[in-house]
Amino acid sequence: MANARFLLRPRWVLSHLLVGLVVVTMVSLGFWQLRRLDDKRDRNALIESRRDQPVAPVDDLLAPGADDGAVDAVRFRTVTATGTYDDDATVPVRNRTQNGAAGAWLVTPLRLDGGARVGVIRGFVSFTPDGAVVDAPVPDGTVTVTGLVVDPDQLDGTAPDDVAPLLAGDDVLPALVRADESDPPEPNAGDAGAPDPEAILTVPPPELSEGPHLGYAVQWFIFSAIAVIGYPFVLRRVILHRGKEVDDSGDDLDRELDDLLRQG
């Protein structure tokens with residue numbers, strides 16, 4: 001393997017280190033996808049277990065000022081909330097998509113019979129032609145909402161910041177309710193199968209799929225295996241190619257010496 005000594009030159013050492021770094025990165029990404037898969041499975045198991053618990057009024061499970069542990073203990077529980085909406089305090093949560101359309105959630109505080117307030121994710125609305133959020137009116141009078149408890153800190157994107165002002169009051173429960181049903185129903189309730197630009201659509205429940213994480217993990221491990229197995233073959237071909245060049249140059253030198261001797 002004397003011909004392989006050139007692989008210890010600085011530019012080749014840099015190549016070895018780069019390939020090693022790429023392999024380590026791909027393996028790390030594979031394990032990261034597996035961790036995400038475990039998180040998704042744990043979340044799905046939690047949702048399913050909370051579905052088996054009895055429906056309860058949300059203010060029986062939470063009180064204003066409750067800590068994060070109390071919110072986490074009732075996350076994904078099915079609850080009811082009865083009271084009247086404060087339509088003027090509605091907060092739009094932008095950067096939402098549903099059924100392939102861009103829009104926003106409308107979150108409106110509901111004044112409960114017991115005096116506390118809770119933010120209700122009433123539904124999804126689209127944008128008007130001028131880019132404003134569609135203004136869907138709330139049901140009149142006393143309303144009973146049934147839905148899932150949502151931890152605001154677990155929402156993605158700008159949602160936690162968007163609802164922060166609504167949750168800042170001393171009389172507000174530290175969680176949201178994602179409405180599945182409303183009695184009386186939303187005046188502008190729409191059908192996802194026949195979307196109306198002015199309609200408000202129920203936000204779908206969290207999916208229980210495991211997502212593509214396992215497939216992504218397998219892909220990263222396959223890529224890393226290709227690199228680990230393929231790189232030595234590449235080096236072997238380089239060594240053989242360099243050896244052939246040395247042999248060819250040696251043959252040329254022998255021929256030149258023979259020509260000189262014959263001329264002498």
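Arg50 is buried and yet takes part in no salt bridge, the nearest side chain of opposite charge being that of Asp72, 5.4 Å away. In this predicted model, that separation can be set against the cut-off of 4 Å within which a side-chain nitrogen and a carboxyl oxygen count as a salt bridge. Arg50 belongs to helix α1, which covers residues 10-51. Leaving aside residues up to four places away in sequence, Arg50 touches Asp72, Ala73, Val74, Arg75, Phe76 and Arg77.

Asp72, although it leaves Arg50 without a salt bridge, does meet the side chain of Arg75 in one, with an N to O distance of 3.4 Å. The two partners of this bridge can be described in turn: Asp72 is partly exposed, because its relative accessible area is 35%, whereas Arg75 counts as buried because its relative accessibility is 13%.

**Overall architecture**

The protein has five helices and seven strands, and from the N terminus on these elements run α-β-α-α-β-β-β-β-β-α-β-α. Of the 264 residues in the protein, 33% are buried. Among contacts between residues at least 6 apart in sequence, 71% join residues that are at least 24 apart. The protein exposes about 15,500 Å², of which carbon and sulfur atoms supply 57%.

**Salt bridges**

A search of the whole structure finds seven salt bridges, including the three in the table.

| Salt bridge | N to O distance |
|---|---|
| Asp72 and Arg75 | 3.4 Å |
| Arg111 and Asp171 | 2.9 Å |
| Glu186 and Arg122 | 2.9 Å |

In the bridge between Arg111 and Asp171, Arg111 lies in strand β4 (residues 101-112) and Asp171 in the loop between α4 (159-167) and β7 (172-183), so that the pair ties together parts 60 residues apart in sequence. Both ends of this bridge are partly exposed, since Arg111 has a relative accessible area of 35% and Asp171 a relative accessibility of 25%.

Glu186 and Arg122, which also form a salt bridge, tie together parts that are 64 residues apart in sequence, because Glu186 lies in the loop between β7 and α5 and Arg122 in strand β5 (residues 117-126). Here both Glu186 and Arg122 are buried. Elsewhere, salt bridges that share partners join Arg111, Arg117 and Asp171 into one network.

**The two sides of helix α4**

Which residues of α4 are buried? They are Ala159, Val163 and Leu166, and, seen down the axis of α4, they fall within an arc of 30°, so they line one face of the helix. In general, an α-helix has 3.6 residues a turn, so residues three or four places apart point the same way. What covers the buried residues of α4 includes the strands β3 (91-98), β4, β5 and β7, while on the other side of the helix Asp161 and Pro165 are exposed.

**A nonpolar patch on the surface**

Leu214, Val218, Ile222, Phe223 and Ile226 form a nonpolar patch on the surface, and together these residues have about 450 Å² of accessible area. Leu214, one of the members of this patch, has its place in helix α5, which covers residues 213-263. Leu214 counts as partly exposed because its relative accessibility is 43%.

How values were computed: Residues numbered from 1 in each chain as written. Predicted model: local features only at pLDDT ≥ 70, side-chain atom pairs only at ≥ 80, totals over all residues. Heavy atoms only, no water. Helix = DSSP H or I, 4+ residues; strand = E, 2+ residues; numbered from the N terminus. Buried < 20%, exposed > 50% of the residue type's maximum accessible area, 1.4 Å probe, protein only. Lys, Arg positive; Asp, Glu negative; His and termini not counted. Contact = heavy atoms within 4.5 Å. Patch = residues over 30% accessible without salt bridge, like charges linked within 9 Å, V, L, I, M, F, W, Y side chains within 5 Å. Areas by Shrake-Rupley, 256 points an atom, 1.4 Å probe, with all protein chains shown as cover. Arc of directions from axis to C-beta.
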